[in-house]
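Have the sequence and the model open side by side, and let's walk through the fold together. We'll begin at one spot in a sheet and work outwards from there.

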Amino acid sequence: MPSAPWWIRLPVSLVVLVVLLGIGARLDLLPGFGDVFGEETRDRTGPTLLKSIQDLSRYQAASGNFQVVVDLEKDTKYLPDSIKGSRTLYVGAGSVGSYVDLGGIGDKNVLVNKERTTATLRLPHARLGGATLDADRSYAVSKQRGLLDRLGDFFSDNPADERAVTQLATRHIQDAAKDSGLTERAEKNTTSMLRGLLTSLGFKEVTVVYGEAG
């Protein structure tokens with residue numbers, strides 16, 4: 001049988017060579033060769049821009065950590081879930097801070113006796129900050145999606161869009177913080193901080209009252 005022309009044997013030889021080199025690199029038979037086909041990560045992020053600076057007049061007095069399991073289900077009328085519909089289980093972990101705003105405090109909110117031994121401070125009630133999700137501790141447990149939803153994900157720029165469940169988790173955490181006693185703890189910690197500060201300045205008695213400052 002006549003041998004194949006050289007212009008056919010050459011591509012076949014190249015394929016065999018590439019396969020052998022790949023196997024050698026895979027089995028570490030060729031030290032250092034794996035770097036040729038190795039994956040390299042480059043960070044091409046541009047410079048971080050400072051958009052604004054704000055002077056803070058809040059005393060962050062307490063912070064609470066929360067976790068919620070979101071079970072979000074979306075159904076479509078007249079279509080089974082296997083065709084159109086989704087259900088996502090998502091564990092959301094985040095925190096909420098509580099603070100006392102000291103920015104509006106003036107002379108009229110501070111009463112000091114002549115001997116400068118007693119002081120009474122009137123402060124606004126503590127407030128809650130916005131809930132912040134911790135991306136490192138939040139994750140999707142499971143996703144069930146109908147055929148049409150999976151096809152939509154295939155053509156979408158963001159098939160793993162979790163905005164709905166993250167927003168829902170944030171809202172539940174914020175609501176939980178309202179009933180957690182976090183603001184009461186913040187006021188207690190603020191009182192302790194101010195008493196310690198003023199006592200170090202020579203005051204013998206310090207009273208902190210919370211209400212509408214001003």
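**Starting from a pair of strands**

Find Leu-111 first: it sits opposite Thr-120 in β4. Keep in mind as you look around that this is a predicted model. The strand pair you're looking at, β3 and β4, runs antiparallel and is joined by three bridges. Together the two make a hairpin with five residues between them. In that turn, Arg-116 has a positive phi of about 55°.

Now look across from Thr-120 to β8, where its bridge partner is Thr-207. One residue further along β4, Leu-121 stands opposite Val-208 in β8. Here the pairing is parallel: β4, which covers residues 118-123, and β8 share six bridges.

Put those pieces together and you have an open sheet of three strands, ordered β3-β4-β8, with mixed pairing. Its edges are β3 (110-112) and β8 (205-210), each of which pairs on one side only. On average, neighbouring strands in this sheet are turned by 10° against each other, if you ignore direction. Packed on the sheet is helix α5, residues 182-200, which touches β4 and β8. The direction of α5 makes about 150° with that of β8.

Which side chains of β4 are buried, and which are not? In a regular strand, side chains alternate between the two faces of the sheet. You can see this pattern in β4: Ala-119, Leu-121 and Leu-123 point to one face and are buried. Thr-118, Thr-120 and Arg-122 point to the other face and are not buried.

Next, move to helix α4, residues 163-178. Its 16 residues, at 1.5 Å each, should span 22 Å, and the C-alpha atoms at its ends are 23 Å apart, so expectation and model agree. Several of its residues are buried, among them Val-165, Leu-168 and Ile-173. Gln-174 and Ala-177 are also buried in α4.

The same helix carries a salt bridge, between the side chains of Asp-175 and Lys-178, at 3.8 Å from N to O. Why can these two reach each other? They are three residues apart in α4, so about one helical turn separates them. Side chains of opposite charge can pair when their charged atoms come close. As for surroundings, Asp-175 is partly exposed at 35% relative accessible area, while Lys-178 is exposed at 56%.

How many salt bridges does the structure hold? There are two. The other one to look up joins the side chains of Arg-137 and Asp-134, with 3.0 Å from N to O. Arg-137 is partly exposed, with a relative accessible area of 37%, and Asp-134 is partly exposed too, with 27%.

From there, carry on along the chain to Ser-142, which belongs to strand β7 (residues 139-145). Ser-142 is partly exposed, at 26% relative accessible area. Which residues does Ser-142 contact, once you set aside its neighbours within four places in sequence? They are Arg-87, Thr-88 and Leu-89. Take Leu-89: 53 residues separate it from Ser-142 in sequence, yet their C-alpha atoms are 5.3 Å apart in space.

Thr-88 makes a good next stop. This residue lies in strand β2, residues 85-101, and is buried, with a relative accessible area of 11%. Not counting residues up to four places away in sequence, Thr-88 touches Val-70, Asp-71 and Leu-72, along with Ser-142, Lys-143 and Val-165. Val-165 should ring a bell, being one of the buried residues of α4.

Finally, zoom out to the whole chain. The protein chain has five helices and eight strands, and from the N terminus they run α-α-β-β-β-β-β-β-β-α-α-α-β. Contacts that reach far along the sequence, like the one between Ser-142 and Leu-89, fit into a broader count. Among contacts between residues at least 6 apart in sequence, 79% join residues at least 24 apart. Of the 214 residues in the protein chain, 24% are buried. The accessible surface adds up to about 16100 Å², and 55% of that belongs to carbon and sulfur atoms.

Terms used
Residues numbered from 1 in each chain as written. Predicted model: local features only at pLDDT ≥ 70, side-chain atom pairs only at ≥ 80, totals over all residues. Heavy atoms only, no water. Pairing = 2+ DSSP bridges. Helix = DSSP H or I, 4+ residues; strand = E, 2+ residues; numbered from the N terminus. Axes fitted to C-alpha atoms, helices over the stretch in contact; angles between N-to-C directions. Contact = heavy atoms within 4.5 Å. Salt bridge = Lys/Arg side-chain N within 4 Å of Asp/Glu carboxyl O. Buried < 20%, exposed > 50% of the residue type's maximum accessible area, 1.4 Å probe, protein only. Expected span 1.5 Å × (residues − 1). Areas by Shrake-Rupley, 256 points an atom, 1.4 Å probe, with all protein chains shown as cover.
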